[in-house]
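Got your viewer open? Let's take a short walk through the model, one selection at a time.

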Amino acid sequence: MPAHKRKPNYNGANTMQELLNAVCDYYGDPVDDREPEDQDHVSLHDVADHFNITVMKARKLLITGGLYSTSLSRKVQEFHAQGLTVAQITEETSLKRASINSYFPYAHIIYNLPDISIKAERQK
């Protein structure tokens, strides 16, 4: 007989998608530094404060949602598309590794979500 699931309704992908949707809805219209700046637009710091996440996580979520584009984010993503490693991009841009990673869209489930898996609970 199979073991009883402790969290039968847990789905990390759904939790991530819900957070992504909430952040994108809160942020509103896309921001691209090639267009005129809207002074009343929500800032990355506002998003981070509202969702109690870091600015880098807020930026990464908005990039994943397609709502955030700056010359630096496009440059980092272009280097990555050319096959440069994070270390090489660090040398080219003088950014730290964590900052470089925050300019890439999410490819996996976000860490430190409010609803965590059984494995994450066990590791705590």
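Start by selecting Thr93, which sits in helix 5, a helix made of residues 86–93. Keep in mind as you look around that this is a predicted model.

Is Thr93 buried or exposed? Its relative accessibility is 16%, and buried means under 20%, so Thr93 counts as buried.

Now show the side chain of Thr93 and look for Ile89. A polar atom of that Thr93 side chain lies 2.8 Å from the backbone oxygen of Ile89.

Which residues should you add to the selection to see what else Thr93 is in contact with? Skip its neighbours within four places in sequence, and you get Val76, Phe79 and Ile100.

Next, click on Ser94. You've now stepped into the loop between helix 5 and helix 6, with helix 6 covering 97–102. Ser94 has a relative accessibility of 65%, and the cut-off for exposed is over 50%, so this residue counts as exposed. Check its backbone too: Ser94 isn't a glycine, yet its phi is positive, at about 65°.

For the last stop, jump to Asn52. Where is Asn52? Look in the loop between helix 2 (44–51) and helix 3 (55–64). Here phi is near 55°, again a positive value in a residue other than glycine. And the surface? Asn52 counts as exposed because its relative accessibility is 72%, with the line for exposed drawn at over 50%.

To wrap up, flip between your selections: Thr93 counts as buried, while Ser94 counts as exposed and so does Asn52.

Note on methods: Residues are numbered from 1 along each chain as its sequence is written. This is a predicted model: local features need pLDDT of at least 70, side-chain atom pairs count only at pLDDT 80 or more; totals for chains, interfaces and linings use all residues. Side-chain values use heavy atoms; hydrogens and water are left out. Helices (H or I, at least four residues) and strands (E, at least two) are DSSP runs, numbered from the N terminus. Buried means under 20% relative accessible area, exposed over 50%, partly exposed in between (1.4 Å probe, protein chains only). A polar contact is a pair of N or O atoms within 3.5 Å; within protein, one must be able to donate a hydrogen and the other to accept it, and residues adjacent in sequence count only if both atoms are side-chain atoms. Contact means heavy atoms within 4.5 Å.
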